Amino acid sequence: MSHVFPRHTALAPPVAVGGEGCYLIDAAGKRYLDASGGAAVSCLGHGDRAVIDAIKAQLDRVAFAHTGFFTSEPAEALADLLVAQAPEGLDRVYLVSGGSEAAEAAIKLARQYMVESGQPGRSRLIARRQSYHGNTLGALSAGGNAWRREQFGPLLLDVSHIAPCYAYRHREDGESPEAYGRRAADALEEELLRVGPETVMAFMAEPVVGATAGAVPPAPGYFRRIREICDRYGILLILDEVMCGMGRTGTLFACEQDGVSPDILCIAKGLGAGYQPIGAMMCSGQIYDAIRDGSGFFQHGHTYIGHPAAAAAGHAVVSALLERDLVARSAAQGDRLRDALEARFGQHAHVGDIRGRGLFLGLELVSDRATKAPFDPARKLAARIKSAAFEAGLICYPMSGTIDGRLGDHVLLAPPFIIDDAQIDELVDKLDTAMDRGLA
Ligand code: PLP
């Protein structure tokens with residue numbers, strides 16, 4: 001009997017014993033094409049020598065030195081590299097162990113900034129209904145997924161949730177994408193005015209929505225309008241690129257494509273590419289200076305922040321992305337995968353929308369394309385497709401996200417950037433098989 005506490009207690013997962021490029025291999029020798037990278041983690045694929053060697057070399061020098069006493073060479077080098085590449089104004093990096101921790105730190109930094117800059121009345125966070133920011137209580141409060149929040153309601157912060165930017169369902173007939181983007185962003189101003197702008201500290205959103213909705217990109221101009229509104233009312237813009245960042249959407253930072261720079265940015269997943277648990281919260285010099293000139297202490301820290309081996313992994317991953325031109329490859333292979341999905345599923349009776357950016361693509365499944373009606377959640381379609389795909393040797397990320405407060409089914413695809421054309425064909429063939437079996 002296993003003594004591991006598995007997330008799904010009814011499942012007996014196979015034992016992963018190997019990883020080679022885009023494939024994972026189990027103890028029985030079965031190969032799985034890793035088309036979700038474990039929810040958009042594995043951007044370099046498995047077994048990348050440069051990253052493994054960088055971690056080993058760091059462990060040989062120093063495995064751990066607490067950040068209360070020391071900084072480390074890889075932490076300094078990673079911060080320099082990220083700042084050199086980041087959107088303008090983001091010039092401080094706080095290294096953490098993962099995505100939830102980055103989101104949690106971002107929420108607390110926003111609050112501490114307001115206190116230390118003489119605005120203690122600002123404590124409210126505004127986020128969006130269709131969002132996921134992590135599983136710790138602060139991050140979960142910011143997220144809008146009813147299923148994930150359900151049991152924890154009494155423990156959560158009072159966060160305002162506005163409508164997402166979700167053109168497939170919310171853009172009206174005859175409305176241009178730009179007009180819709182502006183209308184969707186104006187929901188932030190309406191909420192600010194409703195709750196009193198002087199009580200609000202920040203707005204938090206994913207540039208391209210991942211886990212709750214299947215790679216939903218913003219409408220054109222949406223985030224520029226959001227930025228304007230944040231500036232007008234003096235609130236911080238927190239962008240959560242934990243899933244969509246680090247080249248996944250075809251630019252190193254997803255928000256580059258929307259022409260905005262946030263005050264605080266969260267990254268994780270692709271930053272460590274699965275080789276080490278690492279995330280980061282980046283922030284503007286203005287925020288950093290307020291803390292430096294105020295209390296001088298960010299009131300948030302976990303033992304493993306800035307872990308040297310994790311930082312060495314992050315540095316090797318970002319270096320690999322840049323030196324091997326893998327971000328451009330994410331864009332190019334993303335276009336190929338998207339074309340292949342359009343060709344195979346564009347007319348599928350139960351695929352309502354194919355969307356995303358770069359190698360971050362989603363299919364929204366509907367029972368009726370004309371009405372866009374979702375499937376009955378009791379069918380557990382996403383779970384059926386996921387297990388059919390796994391059976392067929394494909395790891396993808398179907399999930400029951402939230403569609404206007406109800407559960408709806410999506411398939412999220414986020415393969416490693418090294419995926420080649422033959423593997424794209426294999427992915428689409430296996431997904432087709434899994435969809436047939438899941439829908440049967
Ligand atoms: N933020 C976003 C946008 C995510 O997609 C996730 C995870 O899926 C998180 C935060 C939480 O990250 P982690 O699972 O590393 O804690």
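Let's start inside the protein, at Gln130. This residue is buried, with 26 other C-beta atoms within 10 Å. One caution before I go on: this is a predicted model.

Where does Gln130 lie? In the loop between β5 and α5, and α5 covers residues 137-142. Now look across to Ala205. Gln130 and Ala205 are 75 residues apart along the chain. Their C-alpha atoms are separated by 9.3 Å.

Now step back from that loop to strand β5. Strand β5 spans residues 124-128. Five of its five residues are buried, so β5 is largely enclosed by the rest of the structure. Take the side chains by direction. Arg124, Ile126 and Arg128 point one way. Leu125 and Ala127 point the other way. All of them are buried, and that includes the two arginines, Arg124 and Arg128.

What does β5 pair with? Two strands to mention here. One is β6, residues 160-162. β5 and β6 run parallel, joined by three bridges. Ala127 has His161 in β6 as its bridge partner. The other is β7. That pairing is parallel too, again over three bridges. Here Ile126 has Phe203 in β7 as its bridge partner.

So, on to β7 itself. How many of the residues of β7 are buried? Six of the six, across residues 200-205, so this strand is largely enclosed by the rest of the structure.

β7 also pairs with β8, residues 236-240. These two run parallel, and four bridges join them. One partner to find on your screen: Ala202 is bridged to Leu236 in β8. To get from β7 to β8, the chain passes through helix α9, residues 222-233. That β-α-β crossover is right-handed.

Next, two residues with backbone angles to check. Met246 sits in the loop between β8 and β9, with β9 at residues 264-267. Its phi is near 55°, a positive value in a residue other than glycine. Is Met246 buried or exposed? Buried: 31 other C-beta atoms lie within 10 Å.

The second one is Lys269. This lysine belongs to the loop between β9 and β10, where β10 is residues 279-284. Phi of Lys269 is near 20°, again positive in a residue other than glycine. Lys269 also counts as buried, with 28 C-beta neighbours inside 10 Å.

Now the ligand. How many residues surround the ligand? The shell has 15. The closest are Gly98, Gly99, Ser100, Val242 and Met243. Which helix gives the most to this shell? Helix α4, residues 99-116, with three residues. By type, the shell holds seven nonpolar residues, six polar and two charged.

Let's turn to the other sheet I want to show. Four strands form an open sheet, in the order β1-β2-β3-β13. The pairing is mixed. At the edges are β1, residues 16-20, and β13, residues 394-395. Each of these edge strands pairs on one side only. β1 pairs with β2, residues 23-26, in the antiparallel sense, over four bridges. Within that pair, Gly18 stands opposite Ile25.

Last topic: the domains. The domain assignment gives two entries. Domain 1 comes in two stretches, 16-47 and 325-439. Domain 2 is 51-323. Their C-alpha centres lie 25 Å apart.

How many residues does each domain bring to the contact? Domain 1 brings 38 residues, and domain 2 brings 35. Look at the domain 1 side. Several elements each supply at least two residues there. The helices are α1 (37-40) and α12 (326-345). The strands are β11 (351-357), β12 (360-365), β14 (397-403) and β15 (406-413). What is the make-up of that side? It divides into 19 nonpolar residues, 13 polar and six charged.

To recap. β5 and β7 are each largely enclosed by the rest of the structure, with five of five and six of six residues buried. The ligand has 15 residues around it. And the contact between the domains takes 38 residues from domain 1 and 35 from domain 2. That's it from me.

Conventions
Residues numbered from 1 in each chain as written. Predicted model: local features only at pLDDT ≥ 70, side-chain atom pairs only at ≥ 80, totals over all residues. Near = placed C-beta within 6 Å. Nonpolar A, V, L, I, M, F, W, Y, C, P; charged D, E, K, R; others polar. Pairing = 2+ DSSP bridges. Buried ≥ 20, exposed ≤ 12 C-beta atoms within 10 Å, placed from the backbone. Right-handed = clockwise from strand over helix to strand, strands pointing away. Domains from an automatic or database assignment. Contact = placed C-beta atoms within 7 Å.
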